[in-house]
Amino acid sequence: MILNEAKKDVVVGGDFETQQFSILANAKAFDILTSKVYTNRVKAVIREISTNAWDSHQDAGNPDPFDVHLPTDLEPWFSVRDYGTGISHEQMMSLYTEFFRSTRTSSNDFCGALGIGRMAPLCISDSFTVTSWFNGCKRVYS
């Protein structure tokens with residue numbers, strides 16, 4: 001999704017020291033970005049992961065539905081299986097593991113753009129698993 005980000009130029013008059021803001025990547029920051037962002041955590045996980053599956057189908061030009069498994073007493077897990085483009089190992093180790101990085105910012109054909117939704121499962125669990133089928137190779141990441 002293309003975000004409408006207003007560009008703001010700052011003009012400094014005089015001889016003043018300047019500094020860019022940054023983010024300290026520590027446990028507190030990760031807790032805020034994964035656990036404090038969503039008001040309804042369970043719905044957020046379903047929405048974010050399903051939206052990513054839909055975006056992958058859009059990217060692949062696949063109009064077919066993706067699979068969602070909701071927890072039951074006998075099968076107590078949540079999963080989404082899409083049939084989209086998959087994620088290469090290189091993308092998984094760079095793009096997927098970095099907050100705020102997104103490949104969905106150049107088109108309104110996609111829902112994602114902020115680069116935080118893929119981490120939503122961490123708001124209800126200490127870990128999650130991603131299985132990627134890419135170029136005939138299946139890889140599982142935890």
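The exercises below, each with a worked solution, concern a predicted model.

**Exercise 1. Helix α1 and its start**

Find which residues of helix α1 are buried, what the buried residues pack against, and which residue caps the N-terminal end.

Solution.
- Step 1. Helix α1 covers residues 27–35, and within this stretch A29, L33, T34 and S35 are buried.
- Step 2. Against α2, residues 41–60, the buried residues of α1 pack.
- Step 3. A29 and L33 are both on the buried list. An α-helix has 3.6 residues a turn, so residues three or four places apart point the same way.
- Step 4. The cap at the N-terminal end of α1 is N26. A side-chain oxygen of N26 lies 3.2 Å from the backbone nitrogen of K28.

**Exercise 2. Two residues of α1**

Classify S35 and D31 by accessibility, then list what each of them touches or contacts.

Solution.
- Step 1. S35 lies in helix α1. Its relative accessibility is 11%, and buried means under 20%, so S35 counts as buried.
- Step 2. Leaving aside residues up to four places away in sequence, S35 touches R41, L122 and C123.
- Step 3. D31 also has its place in helix α1. D31 has a relative accessible area of 33%, so D31 is partly exposed.
- Step 4. The side chain of D31 makes a polar contact with the side chain of K36, at 2.8 Å.
- Step 5. For separation in sequence and in space, take D31 and A6: 25 residues apart in sequence, and 28 Å apart in space from C-alpha to C-alpha.

**Exercise 3. The aromatic pairs**

How many aromatic pairs are there, and what is the geometry of the pair formed by F30 and F99?

Solution.
- Step 1. The count comes to two aromatic pairs.
- Step 2. In the pair of F30 and F99, the ring centres are 5.2 Å apart and the planes stand at 65°; planes over 60 degrees apart count as edge-to-face, so this pair is edge-to-face.
- Step 3. F30 lies in helix α1, while F99 lies in the loop between α3 (89–93) and β3, so the pair ties together parts that are 69 residues apart in sequence.
- Step 4. F30 counts as partly exposed because its relative accessibility is 39%. F99, with a relative accessible area of 13%, is buried.
- Step 5. F99 also pairs with F100: the distance is 6.3 Å centre to centre, the angle between the planes is 50°, and the pair is tilted.
- Step 6. Taken together, the ring pairs link F30, F99 and F100 into a cluster.

**Exercise 4. Positive phi outside glycine**

Give the place, the phi value and the exposure of F100 and of N135.

Solution.
- Step 1. F100 is in the loop between α3 and β3. Its phi is positive, about 75°, although F100 is not a glycine.
- Step 2. The relative accessible area of F100 is 45%, so F100 is partly exposed.
- Step 3. N135 is in the loop between β3 and β4 (137–141). Phi of N135 is near 50°, again a positive value in a residue other than glycine.
- Step 4. N135 has a relative accessibility of 70%; since exposed means over 50%, N135 counts as exposed.

**Exercise 5. The two pockets**

Describe the largest pocket and the second largest pocket by volume, central residues and lining class.

Solution.
- Step 1. The volume of the largest pocket is about 1,300 Å³. It is lined by 50 residues, and those closest to its centre are I49, N52, Y96, R118 and V130.
- Step 2. At least two lining residues of the largest pocket come from each of α2, β2 (79–81) and β3 (130–134). The largest share, nine residues, is from α2.
- Step 3. Sorted by class, the lining of the largest pocket holds 24 nonpolar, 18 polar and eight charged residues.
- Step 4. The second largest pocket has a volume of about 230 Å³. Of its 13 lining residues, Y96, T97, M119, F128 and S142 lie nearest its centre.
- Step 5. The lining of the second largest pocket has 10 nonpolar residues, three polar and no charged.
- Step 6. Y96 is among the residues closest to the centre of the largest pocket, and Y96 is also among those nearest the centre of the second largest pocket.

Technical notes. Residues numbered from 1 in each chain as written. Predicted model: local features only at pLDDT ≥ 70, side-chain atom pairs only at ≥ 80, totals over all residues. Heavy atoms only, no water. Buried < 20%, exposed > 50% of the residue type's maximum accessible area, 1.4 Å probe, protein only. Helix = DSSP H or I, 4+ residues; strand = E, 2+ residues; numbered from the N terminus. Contact = heavy atoms within 4.5 Å. Polar contact = N/O pair within 3.5 Å; in protein donor to acceptor, adjacent residues only side chain to side chain. 1 Å grid on protein atoms, 1.4 Å probe; cavity = no way out; pocket = protein on both sides within 12 Å on 5 of 7 lines; lining within 4 Å. Points joined across faces, edges and corners; volume = space filled by probe spheres on them. Nonpolar A, V, L, I, M, F, W, Y, C, P; charged D, E, K, R; others polar. Phe/Tyr/Trp six-rings, centres within 6.5 Å; stacked < 30°, edge-to-face > 60°.
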